[in-house]
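Here are my notes on the model you sent over. Have it open while you read, and click on each residue as it comes up.

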Amino acid sequence: LRFAAYGLVTDPRGRVLLTMIAEGYPGAGLWHLPGGGTDHGEQPVPALLRELVEEAGQLGRVTDLMGVDNLHNPAALGPEGRPLDWHGVRVIYRVVVDTPTEARVTEAAGGSTADADWFSPDRLDGLRLTDVAAWATGRRGR
């Protein structure tokens, strides 16, 4: 079981920040919401803001709770290539980056994030999105 916090992160221009899942992780190559698993005992909001810095080099502020999502994939493959009975509980927040900078992955090598970028809403339709990123951006229902 993995508890994670993610954000629909926007800037004052209305752009959306997305991160690409790295090779070797479930969903590799898809654009995803910034965020990730909480460390043991870590609260979800500080975890999300930490992940936002690690995955995209951005400082943000949480403004609202969007929802809670449950994902179960008994056939997932983990980073080591071993099968996982993956069960994730994901809390999704709205986050604003008041002073955006160029998105850049800052976490140590071997992380689950391959890339990060800002997208105007009209560019979202052409992206390969994870289910939760598609839901949060209004690209399709759950």
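**Notes on the model**

1. Let's start with Arg15, which is buried because its relative accessible area is 18%, and buried means under 20%. Keep in mind that this is a predicted model. You'll find Arg15 in the loop between β1 and β2.

2. What does the side chain of Arg15 make a polar contact with? Look at Asp11: the two side chains make a polar contact at 2.6 Å. Setting aside residues up to four places away in sequence, Arg15 also touches Val9, Thr10, Pro100, Trp118, Phe119 and Ser120.

3. Now hop over to Thr10, which sits in strand β1. Thr10 counts as partly exposed, because its relative accessibility is 24% and partly exposed covers the range between under 20% and over 50%. Beyond its neighbours within four places in sequence, Thr10 is in contact with Arg15, Val16, Val95, Val96, Val97 and Trp118. Take Val97 from that list: Thr10 and Val97 are 87 residues apart in sequence, yet their C-alpha atoms are 6.2 Å apart in space.

4. Asp98 makes a nice contrast. Asp98 and Trp86 are 12 residues apart in sequence, but 35 Å separates them in space, C-alpha to C-alpha. Asp98 lies in the loop between β6 and β7, the strand that covers residues 113–119. With 42% relative accessibility, Asp98 counts as partly exposed.

5. Which residues does Asp98 touch, not counting residues up to four places away in sequence? They are Pro12 and Arg61. With Arg61 there is also a polar contact, side chain to side chain, at 2.7 Å.

6. Glu80 is in the loop between β5 and β6. Is Glu80 buried or exposed? Glu80 is exposed, because its relative accessible area is 58% and the cut-off for exposed is over 50%. Try putting a distance on screen from here: the C-alpha atoms of Glu80 and Gly24 are separated by 7.4 Å, with their positions 56 residues apart along the chain.

7. Back to an arginine, this time Arg90 in strand β6, which runs over residues 83–96. Arg90 counts as buried, since its relative accessibility is 7%. Ignoring neighbours within four places in sequence, Arg90 has contacts with Ala4, Tyr6, His32, Gly67, Val68, Asp69, Leu71, Asp131 and Val132. Leu49 is not one to look for there: its C-alpha atom is 15 Å from that of Arg90, and the two are 41 residues apart along the chain.

8. Next, the pockets. The largest pocket has a volume of about 700 Å³. Of the 33 residues lining the largest pocket, Arg2, Tyr6, Ile21, Pro26 and Trp86 are the closest to its centre. Sorted by class, the lining has 12 nonpolar, 13 polar and eight charged residues.

9. Which elements each supply at least two residues of that lining? They are the strands β1 (2–10), β2 (16–21), β4 (35–37), β5 (61–77) and β6, along with the helix α1 (44–56). Colour these elements and you can see how the wall of the pocket is put together.

10. Finally, the inside. In soluble globular proteins, nonpolar side chains tend to be buried together. Here the largest nonpolar core has 15 residues, and Leu18, Leu33 and Leu129 have the most contacts inside it. β1, β2 and α2 (131–136) are the elements that give two or more residues to this core. The biggest giver is α2, with four residues. Apart from this core lies another one, of 13 residues, including Leu17, Ala56, Ala103 and Ala116.

11. One last stop is Leu129, from the largest core. Leaving out neighbours within four places in sequence, Leu129 is in contact with Leu18, Leu30, Trp31, Leu124, Ala134, Thr137, Arg139 and Arg140. Leu18 is worth a second click, as both Leu18 and Leu129 are among the residues with the most contacts inside the largest core.

Key. Residues numbered from 1 in each chain as written. Predicted model: local features only at pLDDT ≥ 70, side-chain atom pairs only at ≥ 80, totals over all residues. Heavy atoms only, no water. Buried < 20%, exposed > 50% of the residue type's maximum accessible area, 1.4 Å probe, protein only. Contact = heavy atoms within 4.5 Å. 1 Å grid on protein atoms, 1.4 Å probe; cavity = no way out; pocket = protein on both sides within 12 Å on 5 of 7 lines; lining within 4 Å. Points joined across faces, edges and corners; volume = space filled by probe spheres on them. Nonpolar A, V, L, I, M, F, W, Y, C, P; charged D, E, K, R; others polar. Core = buried A, V, L, I, M, F, W, Y, C linked by side-chain atoms within 4.5 Å. Polar contact = N/O pair within 3.5 Å; in protein donor to acceptor, adjacent residues only side chain to side chain.
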